[in-house]
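User: I'd like to go through this model before I get back to the bench. Can we start with the ligand and then move on to the pockets?

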Amino acid sequence: MKNLFTGKLTRLVAQDIDAMGAVIAKWSRDSEFYQLFDSDPTRPRNAKRAQEQMRDYAEKNQPGNFSFAVMRLEDDRIIGEGGLFDALSPHRNAWLAIGIGERELWGKGYGTDAVQILLRFGFQELNLHRINLGVFGYNARAIRAYEKIGFVHEGAWRDALKREGKRWDSIGMGILKSEWEAKQNE
Ligand SMILES: CC(C)(COP(=O)(O)OP(=O)(O)OC[C@H]1O[C@@H](n2cnc3c(N)ncnc32)[C@H](O)[C@@H]1OP(=O)(O)O)[C@@H](O)C(=O)NCCC(=O)NCCS
């Protein structure tokens with residue numbers, strides 16, 4: 001059987017909290033990255049604090065949360081993080097998050113590849129029925145990547161974000177298992 005966590009360009013691996021602290025601190029110095037990734041105020045993070053937060057989170061972790069680091073196959077470098085959250089709901093839904101922290105690797109297919117692995121894990125191993133995500137109206141690259149993968153626009157929280165003096169929608173997208181399966185046979 002094929003390794004569920006290996007894609008064409010990336011592999012999902014367990015997050016090594018000690019190693020991830022420094023990496024997250026580095027990514028957090030790129031304010032644009034966090035503005036694309038998170039609605040919380042963007043700010044530089046301290047490696048030790050990031051590790052503490054990850055340990056706290058790991059201890060309190062809900063069984064339905066599955067977080068990974070994204071490793072590039074070419075050189076085993078950690079280039080991002082992602083996961084499925086609230087994935088054990090009785091309705092068989094989950095939320096997806098993905099962030100490639102190394103900005104020179106945006107637009108090269110690594111994020112899309114990692115999302116494809118998360119979808120395979122969600123639909124084949126967790127037996128989910130649908131996977132949802134939220135994306136900010138100003139994140140055209142992510143919207144295009146999700147459309148390419150097969151996510152459907154399902155609505156928007158209008159004017160939910162204010163950044164650089166402008167209001168933006170937070171867009172809801174989703175994909176059903178049947179839609180994902182149909183894409184695999186294209
Ligand atoms: C969003 C993200 C996961 C996408 O992964 P990726 O590997 O960079 O995406 P891909 O290279 O497969 O595809 C990006 C697509 O957007 C297009 N694109 C790039 N910049 C764009 C822009 N400014 N406007 C419109 N489309 C754009 C690319 O041309 C490509 O489409 P194509 O394959 O049809 O040519 C990744 O860029 C990332 O992590 N970005 C920073 C954090 C983030 O935005 N996270 C998502 C939060 S919802």
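**Ligand contacts**

Analyst: Glycine 107 has a polar backbone atom 2.7 Å from an oxygen atom of the ligand. Keep in mind that this is a predicted model.

User: What about lysine 108, how far is a polar backbone atom of that one from an oxygen atom of the ligand?

Analyst: That distance is 3.2 Å for lysine 108. Tyrosine 110 also has a backbone N or O atom placed 3.1 Å from an oxygen atom of the ligand.

User: How much of the ligand does the protein bury?

Analyst: The protein buries 74% of the 950 Å² that the ligand exposes when taken alone.

User: And which residues come nearest to the ligand?

Analyst: There are 22 residues around the ligand, and the nearest are Ile100, Gly107, Gly111, Thr112 and Asn139.

User: OK, pockets. What volume does the largest one have?

Analyst: The largest pocket comes to about 1,500 Å³. Its lining counts 49 residues, with Phe37, Glu81, Ala97, Ile98 and Gly99 closest to the centre.

User: How does the lining of that largest pocket split by class?

Analyst: The lining has 28 nonpolar, 14 polar and 7 charged residues.

User: Now the second largest pocket. Which residues lie nearest its centre?

Analyst: Lys8, Asp113, Gln116, Arg120 and Gln184 lie nearest, out of 15 lining residues. Two elements, α4 (110-125) and α6 (177-184), each give two or more residues to this lining. The largest share is from α4, with 6 residues.

User: How much space is in there, and what is the class split?

Analyst: The second largest pocket holds about 400 Å³ of space. By class, its lining has 4 nonpolar, 5 polar and 6 charged residues.

User: Switching topic to the strands. In which sense do β6 and β7 pair, parallel or antiparallel?

Analyst: Strand β6 (residues 152-163) pairs with strand β7 (residues 166-176) in the antiparallel sense, over 8 bridges. Lysine 162 is opposite arginine 167 in β7.

User: What sits between the strands in that hairpin?

Analyst: The hairpin of β6 and β7 has 2 residues between the strands, and glutamate 164 in this hairpin takes a positive phi near 50 degrees.

Terms used
Residues are numbered from 1 along each chain as its sequence is written. This is a predicted model: local features need pLDDT of at least 70, side-chain atom pairs count only at pLDDT 80 or more; totals for chains, interfaces and linings use all residues. Side-chain values use heavy atoms; hydrogens and water are left out. On a 1 Å grid over the protein atoms alone, a cavity is a set of points where a 1.4 Å probe fits but cannot get out, and a pocket is an open set with protein on both sides within 12 Å along at least five of seven lines; lining residues have an atom within 4 Å of a point. Grid points are joined across faces, edges and corners, and a volume is the space filled by probe spheres set on the points. Ala, Val, Leu, Ile, Met, Phe, Trp, Tyr, Cys and Pro count as nonpolar, Asp, Glu, Lys and Arg as charged, and the others, Gly among them, as polar. Helices (H or I, at least four residues) and strands (E, at least two) are DSSP runs, numbered from the N terminus. Two strands pair if DSSP finds at least two bridges between them. A residue is near a molecule or strand if one of its heavy atoms lies within 4 Å of it. A polar contact is a pair of N or O atoms within 3.5 Å; within protein, one must be able to donate a hydrogen and the other to accept it, and residues adjacent in sequence count only if both atoms are side-chain atoms. Accessible areas come from the Shrake-Rupley method with a 1.4 Å probe; for residues, only the protein chains shown count as cover.
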